[in-house]
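This report describes a single protein chain, beginning with one helix and working outwards to the core, the aromatic rings and the chain as a whole. Please keep the sequence and the model in view while reading.

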Amino acid sequence: MIRVEDVHVTYPVHGHAPKHVLGGISLDIHPGEFISVVGQTGCGKSTLLRLILGSESPSQGRVTIDGEVHCHPDRNVGYVPQKYSLFPDKTVLENVTFGLELAEFGLFDRWTPKYWRRKRQFTAKAVEHLLAMGLTEADGKKYPDQLSGGMQQRVAIAQALITNPKILLMDEAFSALDPGTRREMQRLIRRIWNKSGCTILFVTHNTHEAVLLGTRVVLLAKTDAAGAAHVSMDFAVPDHDQSHEIEAAVRRLESGEDVLDDLAGHVSKAEIPAAITGS
């Protein structure tokens, strides 16, 4: 479904050498995968999501979705950022339906009978999504500042899912939540993924969360002199009962240790790239 082909991202810096963020990233992502993307701060995880979203273009290489170059955001790709991205002056229901209204109607269409008919349909659909997120219909009439952090994040996920995207991108979506709420959201997103079958790319700094949720873990790391990040590890998580052992291996790899022997009991060597095996 998603192909990232030899993608480089470089930003110009006035008066200084260019900043190299991604250096030759290549990934094939299949429909229905749950990809956890991990790596240290500044290694380009969020940049990778923006490329797939279409809000940013690579300096070199290309990103395709279903064989087509993806160069602008559309309703096929949902996005949940770390900071909720809710409009403070709109109710919860208005926030959730905003994307649907924006996609279907222009400014002057809002005075037509069709708009109000469709708005009622959008509102009913939004209520269904809020209920699926564990919220209530009464919550839909509230404003974001009247909700807890966990509730706001549920609204943000409903906002992203209401367009029925084939791909859901989540950028550190649970990092600002307390541990208890975070566990609830982890269970929620796994239920959503199991039910919807959508493809999820989930960026996190939490190694345990990455292995717990993902069917595949991709580790980005700065491995060249220019400071650009590459794919240092890319493997499937075949058995979540062994997640603690794999989690420990990923943590050690992030610190630069050789963990091939640790991973060999859980992941076939064919799933570990040449960057790890040294071949």
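## Helix α4

In this predicted model, helix α4 has 13 residues, and its first and last C-alpha atoms lie 18 Å apart, close to the 18 Å expected at 1.5 Å a residue. Eleven of those 13 residues are buried, so α4 is largely enclosed by the rest of the structure.

The buried residues of α4 are Gly150, Gln152, Gln153, Arg154, Val155, Ala156, Ile157, Ala158, Gln159, Ala160 and Leu161. The elements that cover these residues include strand β6 (77-80) and helix α2 (92-104), together with α3, β7 and α5.

## Helix α5 and its ends

Helix α5 runs through residues 179-196, and its 18 residues should span 26 Å at 1.5 Å a residue; the C-alpha atoms at its ends are 26 Å apart, which agrees with that expectation. At the N-terminal end, Asp178 acts as a cap, with a side-chain oxygen 3.2 Å from the backbone nitrogen of Gly180. After the helix comes Gly197, which has a positive phi, near 75 degrees.

The buried residues of α5 are Thr181, Arg182, Met185, Gln186, Leu188, Ile189, Ile192 and Trp193. Their cover includes three strands, β3 (34-38), β7 (167-171) and β8 (199-203), and the helices α3 (113-132), α4 (149-161) and α6 (207-213). For helices in general, an α-helix has 3.6 residues a turn, so residues three or four places apart point the same way.

## Two buried polar residues

Gln186 belongs to helix α5 and is buried, because its relative accessible area of 9% falls under the 20% cut-off. Once residues up to four places away in sequence are set aside, Gln186 touches Phe174, Glu209, Leu212 and Leu213. The C-alpha atoms of Gln186 and Leu213 are separated by 7.2 Å, although the two residues are 27 residues apart along the chain.

Thr97, in helix α2, is likewise buried, with a relative accessible area of 3%. With residues up to four places away in sequence again not counted, Thr97 touches Phe122, Thr123 and Ala126.

## Nonpolar cores

Which members of the largest nonpolar core touch the most other members? Of its 37 residues, they are Ile157, Leu168, Met170, Phe174, Ile189 and Ile200. The elements giving two or more residues to this core are α2, α3, α4, β7, α5 and β8, and the largest share, six residues, comes from α4.

Met170 shows how one of these residues is surrounded: leaving aside neighbours within four places in sequence, Met170 is in contact with Leu49, Val80, Ile157, Ile189, Ile200, Leu201, Phe202 and Val203. Apart from the largest core lies another, of 28 residues, among them Val4, Leu22, Ile167 and Leu220.

## Aromatic rings

The count of aromatic pairs comes to four. One of the pairs is formed by Phe34 and Trp193, whose arrangement is edge-to-face, with 5.6 Å centre to centre and 80 degrees between the planes. Phe34 lies in strand β3 and Trp193 in helix α5, so this pair ties together parts of the chain that are 159 residues apart in sequence.

Both Phe34 and Trp193 are buried. Ring pairs also link these two residues with others, so that Phe34, Phe174, Trp193 and Phe202 belong to one cluster.

## Cysteines

How many disulfides does the structure hold? The structure holds zero disulfides. In general terms, a disulfide is a covalent bond between the sulfur atoms of two cysteines. Cys43 counts as buried at 2% relative accessibility, and Cys198 also counts as buried, at 7% relative accessibility.

## The chain as a whole

The protein chain contains nine helices and ten strands, and buried residues make up 46% of its 279 residues. Among contacts in the chain with a separation of 6 or more, 66% are between residues 24 or more positions apart. The pair of Phe34 and Trp193, in parts that are 159 residues apart in sequence, and the approach of Gln186 and Leu213, 27 residues apart along the chain, are individual examples of pairs separated in sequence.

Definitions and conventions
Residues numbered from 1 in each chain as written. Predicted model: local features only at pLDDT ≥ 70, side-chain atom pairs only at ≥ 80, totals over all residues. Heavy atoms only, no water. Disulfide = S-S within 2.5 Å. Buried < 20%, exposed > 50% of the residue type's maximum accessible area, 1.4 Å probe, protein only. Helix = DSSP H or I, 4+ residues; strand = E, 2+ residues; numbered from the N terminus. Expected span 1.5 Å × (residues − 1). Contact = heavy atoms within 4.5 Å. Polar contact = N/O pair within 3.5 Å; in protein donor to acceptor, adjacent residues only side chain to side chain. Core = buried A, V, L, I, M, F, W, Y, C linked by side-chain atoms within 4.5 Å. Phe/Tyr/Trp six-rings, centres within 6.5 Å; stacked < 30°, edge-to-face > 60°.
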